Amino acid sequence: MSGLVLHAFALVIVRHRGAFLLVHERKHGQGWYLPAGRVEPGEGLAAAAHRETLEESGVAITLEGILRIEHTPWPDGHVRMRIFYVARPSADPTPKSEPDEHSLGARWVTLDDLDHLQLRGDEVRGILTHVAAGPPLAPLTLITREGAPFLR
């Protein structure tokens with residue numbers, strides 16, 4: 001093993017008026033998925049969530065909390081970490097409809113709409129169903145920079 005290699009991803013569940021924002025992906029079989037992507041060098045996790053959601057869907061967001069943090073190490077030294085944020089639109093909630101280099105488009109969907117979409121995988125339905133049930137969210141302050149003061 002040559003050392004640890006971390007691959008960090010931000011995934012965003014955006015809610016608005018009983019619907020969820022999904023992105024029609026260019027990759028991964030062109031299925032529908034959450035706004036998501038790799039954290040770039042020097043970028044924070046929350047910043048990646050904002051950037052990826054805006055690039056892929058055209059919708060600016062306000063993060064509300066953290067749903068889950070996944071940490072998956074592999075024997076070869078690679079580690080995949082996924083941070084699931086829950087958010088709401090912060091401005092015009094109209095998603096983009098024209099394809100570009102980031103996605104083929106985006107749209108608001110209800111849980112019933114999922115039956116009519118080619119989803120990237122069963123994970124999408126599971127995540128959205130879970131969030132629709134109103135699970136507790138961890139505060140955004142759960143993730144902070146090294147050396148930051150502890151909050152009361």
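Trainee: What makes β2 and β3 a pair of strands, and which way do they run?

Mentor: In this predicted model, β2 and β3 are joined by 2 bridges and run antiparallel; pairing requires at least two bridges, so β2 and β3 qualify as a pair. One of the positions involved is His24, whose bridge partner in β3 is Trp32.

Trainee: How do you know whether His24 is buried, exposed or partly exposed?

Mentor: The relative accessibility of His24 is 22%, and since buried means under 20% and exposed over 50%, this value falls in between and His24 is therefore called partly exposed.

Trainee: What does the side chain of His24 reach, and which residues is His24 in contact with beyond its neighbours in sequence?

Mentor: The side chain of His24, a residue of strand β2, reaches the backbone oxygen of Gln30 at 3.0 Å. Leaving aside neighbours within four places in sequence, the contacts of His24 are Gln30, Gly31, Trp32, Ser103, Leu104, Gly105 and Ala106. As for distances along the chain and in space, His24 and Glu56 are 32 residues apart in sequence, while their C-alpha atoms are 8.5 Å apart.

Trainee: Why is β2 called mostly covered?

Mentor: Of the 6 residues in β2, 5 are buried, and a residue is counted in that way because its relative accessible area is under 20%.

Trainee: Which other strands does β2 pair with, and by how many bridges?

Mentor: With β7 there are 5 bridges in an antiparallel arrangement, where Leu22 stands opposite Arg107. With β1 there are 2 bridges, again antiparallel, and here Arg15 has Phe20 of β2 as its bridge partner.

Trainee: What lies between β1 and β2, and what is notable about Arg17 there?

Mentor: β1 and β2 form a hairpin with 2 residues between them, and Arg17, located in that loop, has a positive phi of about 50 degrees although it is not a glycine. The relative accessible area of Arg17 is 79%, which is over 50%, so Arg17 is called exposed.

Trainee: How do you know that the span of α1 agrees with what a helix should have?

Mentor: Helix α1 covers residues 45–57, which is 13 residues, and the expected span is 1.5 Å times one less than that number, giving 18 Å; the end C-alpha atoms are 18 Å apart, and therefore the two values agree. The helix is followed by Gly58, whose phi is positive, near 80 degrees.

Trainee: Which residues of α1 are buried, and what covers them?

Mentor: The buried residues in α1 are Leu45, Ala48, Ala49, Arg51, Glu52, Thr53, Glu56 and Ser57, and what covers them includes β1, β2, β4, β5, β6 and β7.

Trainee: Which residues touch the most other members of the largest nonpolar core, and what elements supply this core?

Mentor: Among its 20 residues, Ile13, Leu22, Leu34 and Leu128 touch the most other members. The elements giving two or more residues are β1, β2, β3, β6 and α2, with α2 providing the largest share, 4 residues. Not counting residues up to four places away in sequence, Leu128 touches Ile13, Phe20, Leu22, Leu34, Leu111 and Leu114. There is also a second, separate core of 19 residues, which includes Leu21, Val59, Ile66 and Tyr85.

Technical notes
Residues numbered from 1 in each chain as written. Predicted model: local features only at pLDDT ≥ 70, side-chain atom pairs only at ≥ 80, totals over all residues. Heavy atoms only, no water. Core = buried A, V, L, I, M, F, W, Y, C linked by side-chain atoms within 4.5 Å. Buried < 20%, exposed > 50% of the residue type's maximum accessible area, 1.4 Å probe, protein only. Contact = heavy atoms within 4.5 Å. Polar contact = N/O pair within 3.5 Å; in protein donor to acceptor, adjacent residues only side chain to side chain.
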